[in-house]
Amino acid sequence: MAESIKLKALPYLFFNRNCEAAFKKYKGIFGGEFSMCMRYGEIPEGQSCPAGSLQTIPEKDLQKIMHISLPIGEKTQLMGCDAVGGIASRAKLGENVAIHVTQPTPEDADRVFASLAEGGHVELPMRNCFWESYFGIVIDEFGVKWMVGTSPKGVDKPNCPYSVREAKVELYLLTPGNCKAAFALYRSVFGGSFKYEMLFKDVPDGGCLSGKPIPEHEKELVMHVSLPIGEDTLLMGTDTSSHMFKAGPPGEYCSIHIGVPCKEEADRMFEALSDGGQIIMAMQPVFWGVYFGMVQDKFGFHWMIDAPSDTK
């Protein structure tokens, strides 16, 4: 297996032709500069991407975003594209988030891809791509979409402002009762040990987000689990339940988690993301020791924001 320090897991967002507007908003919230921004019209002649080629992508979409990445903190990035051509269906709300995993070698990428594909569905077989990455897309047996690849050559180091240089972007999966099985698979794929694991039966009295008693049949479900993937990122998850989250279809299982160093920064980001969107849970102290809130932005994406509870 590859050394875990070289692995990365990052969120990838698919938009209904409004990727540029969304990322301009996110840039205004998190600061920094785009580390890459490429339009479909810039695809090299004779090459293709998951959406298609210069010959197959509609002319009206050639100015749409083929790939964009925004550093959040020093070691993580938020990435996305406009879902057009061959990937147009992914713009549908609930099917527009994937987990991007970077591997150090093609051999490692093939191993991870094959493991995730067992019992799942291959959308794009692993192949060499014009952006100098070995790349493929697969949906695992739990309905989670993964983009597996190797690091492109010559990628600039992220550039971010001091105010958010300690921020992190991480993946949070909302599973419909099969979190244990899903994370057992992911642990076998990526290795390592769970950093934290808690069942609903272990939640302190009155600590549940809904404030309601936990039904007996849900006490063995996973309240929270986190698995390090590489040195810089965590894959986290929880089972949806009758008192906490509603289980949506596969693809609505993914939320973007942002950890920031102070409450003031968390409040600023939360307020900006909720503008035109919907607050799911207002920012507040929670029993696991952080200041926490949940929001759906106006583009339909779910965010979890937290900061240490002992900061201002």
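## His 302 and its surroundings

At 32% relative accessibility, His 302 counts as partly exposed, because that value falls between the 20% limit for buried and the 50% limit for exposed. Keep in mind as you look around that this is a predicted model. His 302 belongs to strand β18, which covers residues 302-308.

Which residues does His 302 touch once its neighbours within four places in sequence are left aside? They are Ser 255, Ile 256, Ile 280, Val 295 and Gln 296. If you would like a distance to check on screen, try Gln 278: this residue is 24 residues from His 302 along the chain, and the two C-alpha atoms are separated by 9.4 Å.

## The protein as a whole

Stepping back, you will find four helices and 18 strands in the protein. Of its 312 residues, 54% are buried. Contacts between residues at least 6 apart in sequence are also worth a look: 66% of them join residues at least 24 apart.

## Strand β5 and its partners

Strand β5 spans residues 65-72, and eight of its eight residues are buried, so the strand is largely enclosed by the rest of the structure. Strand β2, residues 36-39, runs antiparallel to β5 and is joined to it by four bridges. To find this pairing on screen, look for Arg 39, which stands opposite Ile 65 of β5.

Strand β6, residues 76-82, also pairs with β5 in the antiparallel sense, here over five bridges. Ile 72 and Thr 76 of β6 stand opposite each other. What kind of connection do β5 and β6 form? The two make a hairpin with three residues between them, and Gly 73 in the turn has a positive phi of about 80°.

## Helix α1

Helix α1 takes in residues 19-30, twelve in number, and reaches 16 Å from its first C-alpha to its last, close to the 16 Å expected at 1.5 Å a residue. The buried residues here are Cys 19, Ala 22, Phe 23, Lys 25, Tyr 26, Ile 29 and Phe 30. They cover an arc of only 155° around the axis, which means that they lie on the same side of α1.

Turn to the face away from that buried side and you meet the exposed residues Lys 24 and Gly 28. After α1 comes Gly 31, with a positive phi near 80°.

## Aromatic rings and lysines

The count of aromatic pairs comes to eight. One of these is formed by Tyr 12 and Phe 14, a tilted pair with 5.5 Å from centre to centre and 45° between the planes. Are these two residues buried or exposed? Tyr 12 is buried, because its relative accessible area of 6% is under 20%. Phe 14 is buried too, with a relative accessible area of 2%.

Helix α1 comes back into the picture here: Phe 23 and Tyr 26, both among its buried residues, form one aromatic cluster with Phe 15, Phe 34 and Trp 303. Phe 34 also has a lysine for company, as the charged end of Lys 27 sits over its ring, 5.1 Å from the centre. A further example is Lys 263, whose charged end sits over the ring of Tyr 291 at 5.2 Å from its centre.

Conventions:
Residues are numbered from 1 along each chain as its sequence is written. This is a predicted model: local features need pLDDT of at least 70, side-chain atom pairs count only at pLDDT 80 or more; totals for chains, interfaces and linings use all residues. Side-chain values use heavy atoms; hydrogens and water are left out. Buried means under 20% relative accessible area, exposed over 50%, partly exposed in between (1.4 Å probe, protein chains only). Two strands pair if DSSP finds at least two bridges between them. The expected span of a helix is 1.5 Å times one less than its number of residues. The arc is that of the directions from the helix axis to the C-beta atoms. Rings of Phe, Tyr and Trp (its six-membered ring) pair if their centres lie within 6.5 Å; planes under 30 degrees apart count as stacked, over 60 as edge-to-face and the rest as tilted. A charge sits over a ring if NZ of Lys or CZ of Arg is within 6 Å of the ring centre and within 35 degrees of the ring normal. Contact means heavy atoms within 4.5 Å.
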